[in-house]
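Hello,

Here is the structure I promised to pass on. Please have a look, then read my notes below.

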Amino acid sequence: LEGARHDACETHDNFLRDLLRAFLSAPRSCHQILKRWEPDAYLCSLVNVIECHTKGRGTRILLKVGRMPISSHVHYGTELRLRETCRGHSANATRACQDWMR
């Protein structure tokens with residue numbers, strides 16, 4: 001978690017909510033979280049696959065999570081509405097939305 005300190009909630013709180021929700025809804029399919037997030041361009045834009053191991057039993061994926069474009073101090077419900085508002089806008093409009101959200 002890029003920019004995270006000892007307590008990742010301080011910088012990545014809302015992302016951790018999405019990640020835990022995805023994991024807890026289907027723990028046996030946790031290696032497919034990115035595939036399940038494909039319809040959500042915002043969540044997909046936050047992570048990069050660093051390594052993927054499929055040999056042996058199971059699949060292991062190492063992800064790098066970048067800095068959050070939306071401040072973690074924004075209430076989660078508000079963030080969801082902002083994501084929806086910015087979805088589908090031009091790149092300039094999306095940047096403007098992200099600037100406003102900080």
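How many helices and strands does the chain have? There are five helices and two strands. Please keep in mind that this is a predicted model. In sequence order, the elements run α-α-α-β-β-α-α.

Some overall numbers. The chain has 102 residues, and 29% of them are buried. Its accessible surface is about 7,200 Å². Carbon and sulfur atoms account for 54% of that surface. I also looked at contacts between residues at least 6 apart in sequence: 42% of these join residues at least 24 apart.

Next, helix α1. This helix spans residues 9–25, and several of my notes concern residues in it.

Start with the aromatic rings. The search gives one aromatic pair. The partners are Phe 15 and Trp 37, with ring centres 5.8 Å apart. Their planes meet at 70 degrees, and planes over 60 degrees apart count as edge-to-face, so this pair is edge-to-face. Phe 15 belongs to helix α1, while Trp 37 belongs to helix α2, residues 33–37. The pair therefore ties together parts that are 22 residues apart in sequence. Both Phe 15 and Trp 37 are buried.

Asp 18 is also in helix α1. Is Asp 18 buried or exposed? Its relative accessibility is 8%, and the cut-off for buried is under 20%, so Asp 18 counts as buried. Which residues does Asp 18 contact, leaving aside its neighbours within four places in sequence? They are Trp 37, Leu 43, Tyr 76 and Arg 83. Trp 37 thus turns up twice: as the ring partner of Phe 15 and as a contact of Asp 18.

Phe 23 sits in helix α1 too. Its relative accessible area is 35%, so Phe 23 is partly exposed. Together with Leu 20 and Leu 24, Phe 23 forms a nonpolar patch on the surface. The accessible area of these residues together is about 310 Å².

Last, the cysteines. How many disulfides does a search of the whole structure find? The result is zero. Cys 30 has 36% relative accessibility and Cys 44 has 25%. Partly exposed covers the range between the 20% and 50% cut-offs, which is why Cys 30 and Cys 44 both count as partly exposed.

Over to you.

Best wishes

Notes. Residues are numbered from 1 along each chain as its sequence is written. This is a predicted model: local features need pLDDT of at least 70, side-chain atom pairs count only at pLDDT 80 or more; totals for chains, interfaces and linings use all residues. Side-chain values use heavy atoms; hydrogens and water are left out. Patches are made of residues with over 30% relative accessible area and no salt bridge: like charges are joined within 9 Å, nonpolar side chains (Val, Leu, Ile, Met, Phe, Trp, Tyr) within 5 Å. Accessible areas come from the Shrake-Rupley method with a 1.4 Å probe; for residues, only the protein chains shown count as cover. A salt bridge is a side-chain nitrogen of Lys or Arg within 4 Å of a carboxyl oxygen of Asp or Glu. Helices (H or I, at least four residues) and strands (E, at least two) are DSSP runs, numbered from the N terminus. Buried means under 20% relative accessible area, exposed over 50%, partly exposed in between (1.4 Å probe, protein chains only). Rings of Phe, Tyr and Trp (its six-membered ring) pair if their centres lie within 6.5 Å; planes under 30 degrees apart count as stacked, over 60 as edge-to-face and the rest as tilted. A disulfide is a pair of cysteine sulfur atoms within 2.5 Å. Contact means heavy atoms within 4.5 Å.
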